[in-house]
Amino acid sequence: MAQVRFAIPKGSLEDATFQLLREAWAKVRRKERSYDVYLDDPDILVKMMRPQEIPTLVAEGLYDVGITGRDWIQETVANVDEIADLEYGRIKIVTAFHNSLKFDSLNELVADYASNNRTLRVSSEYLTTSSSFIKQLSSYRDAYGDKDPLIITPWLRRGDNHSVQIHLSFGATEAKPPLDVDAIVDVTETGTTLTQNNLKIADTIMHSSARLISNKETLNNPTKCEIMREITSLLQGAVQARKHLHIYFNVHRSNLSMVLEHLTSLKRPTISPLSDPDWYAINTIIRKADYHKLVPRLSRLGQGLVVHEPRQVLDIEN
């Protein structure tokens, strides 16, 4: 049987990814200092890679499926299929500059620098995303038309507008303003690090989270496609399980209708008659968000309420 090559992210998404894998598969092993990961499925070959690389590696067919951030899918402009939002690693890409500047947006900053013939310098790991965002600003279009901002890295210079420069950052981007650059495009979760470095968020460019992606050609391989469907089901089942609770309890016939009223949003809970014809067993899944309201009510209407955290919840209806 053909093996599916599965790339998972190293770095900031690493711990959360391993936690999800452990919830999806029975066994997940990794040797110390090794980039190879072993699941209890010989048809899946797993390797850890930098999340920045994964979209391109999957698009080029070196890997069939991968997990990476939506931010890197957009940054690399990779031609991949997004299969699922795995709902962790939630961050946003923002523009920010020093608190001493009077402007409220990058659009205003660009306008001021253009009107005063000053060179605007921006630092970021996200070169493509930064360039695309800056080019669509009204002040940029008014001043520079369709010119591309100059992207500067140690190994290349690309773009024809030297008045707006985007410098590749290798980390600690928030430390660069105001002496080294005028603004940054950076990733943040809460904004705390930016605030501690006397920076203010001006614009939110995009929101991101971990995504399961696949190679487009691999989907045409029936054998690999079946394995990828299994990967998708297990990961999505684990994601859904995190948002639900499994409950079961016994209820008297006289309270059954009231219980079912509380469970109307759950769509067809399992109701089983017990040896006593006046009692029924209720078995169903509830959303964790409903726990604090729903469970106390059900405990008053039934007996022996038991609550479990499920490992997998599959085929959840909307």
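A polar contact is a pair of N or O atoms within 3.5 Å; within protein, one must be able to donate a hydrogen and the other to accept it. The exercises below use that term on a predicted model.

**Exercise 1. Place Asp64 and describe its surroundings.**

Task: State where Asp64 sits, whether Asp64 is buried or exposed, and which side chain makes a polar contact with the Asp64 side chain.

Solution.
- Step 1. Locate the residue. Asp64 lies in the loop that links α2 (54–59) to β5.
- Step 2. Check the cover. Buried means under 20% relative accessible area. Asp64 has 4% relative accessibility, so Asp64 counts as buried.
- Step 3. Find the polar partner. The Asp64 side chain makes a polar contact with the side chain of Thr218, at 2.9 Å.
- Step 4. List the neighbours, leaving out residues up to four places away in sequence. Asp64 touches Gln3, Val4, Arg5, Val58, Ile213, Ser214, Asn215, Thr218, Lys224 and Met228.

**Exercise 2. Trace the seven-stranded sheet.**

Task: Give the strand order of the open sheet of seven strands, name the edge strands, and say which helices lie across β1.

Solution.
- Step 1. Read the order. The sheet runs β2-β3-β4-β1-β5-β14-β6. The sheet is open, and its pairing is mixed.
- Step 2. Find the edges. β2 (28–30) and β6 (81–85) each pair on one side only.
- Step 3. Add the twist. From one strand to the next, the twist averages 30 degrees.
- Step 4. Look at one pair. β3 (residues 36–39) and β4 (residues 44–49) run antiparallel and are joined by two bridges. Val37 has Val46 in β4 as its bridge partner.
- Step 5. Add α1. Helix α1 (residues 14–24) lies across β1 (4–9), β2, β3, β4 and β5 (65–69). The angle between α1 and β1 is about 135 degrees.
- Step 6. Add α8. Helix α8 (residues 222–241) lies across β1, β4, β5, β6 and β14 (210–214). The angle between α8 and β1 is about 35 degrees.

**Exercise 3. Follow β12 to its partners and to Glu125.**

Task: Name the strands that pair with β12, give the sense of each pairing, and describe the setting of Glu125.

Solution.
- Step 1. Check the cover of β12. Strand β12 (residues 183–188) has five of its six residues buried.
- Step 2. Take β7. Strand β7 (residues 91–98) pairs with β12 in the antiparallel sense, over five bridges. Thr95 has Val185 in β12 as its bridge partner.
- Step 3. Take β8. β8 pairs with β12 in the parallel sense, over three bridges. Val122 stands opposite Ala183 in β12.
- Step 4. Move on to the loop between β8 (120–124) and α5 (127–135). Glu125 is found there. Its relative accessible area is 29%, and Glu125 is partly exposed.
- Step 5. List the contacts, again leaving out residues up to four places away in sequence. Glu125 touches Gln52, Trp72, Glu75, Leu168, Ser169 and Val185.
- Step 6. Compare chain and space for one of these. Glu125 and Gln52 are 73 residues apart along the chain, and their C-alpha atoms are separated by 10.0 Å.

**Exercise 4. Judge the overall form.**

Task: Why does the protein count as more spread out than a compact globule?

Solution.
- Step 1. Count the elements. The protein has 10 helices and 18 strands.
- Step 2. Apply the globule rule. The rule gives 20 Å for 318 residues, and the radius of gyration is 26 Å, well over that value, so the protein is more spread out than a compact globule.
- Step 3. Add the spans. The C-alpha trace covers about 85 × 50 × 35 Å along its principal axes.
- Step 4. Add the cover. Of the 318 residues, 45% count as buried.

Technical notes: Residues are numbered from 1 along each chain as its sequence is written. This is a predicted model: local features need pLDDT of at least 70, side-chain atom pairs count only at pLDDT 80 or more; totals for chains, interfaces and linings use all residues. Side-chain values use heavy atoms; hydrogens and water are left out. Two strands pair if DSSP finds at least two bridges between them. Helices (H or I, at least four residues) and strands (E, at least two) are DSSP runs, numbered from the N terminus. Axes are lines fitted to C-alpha atoms, for helices over the stretch in contact, and angles run from 0 to 180 degrees between N-to-C directions. Contact means heavy atoms within 4.5 Å. Buried means under 20% relative accessible area, exposed over 50%, partly exposed in between (1.4 Å probe, protein chains only). The radius of gyration is taken over C-alpha atoms; the globule rule is 2.2 Å times the number of residues to the power 0.38.
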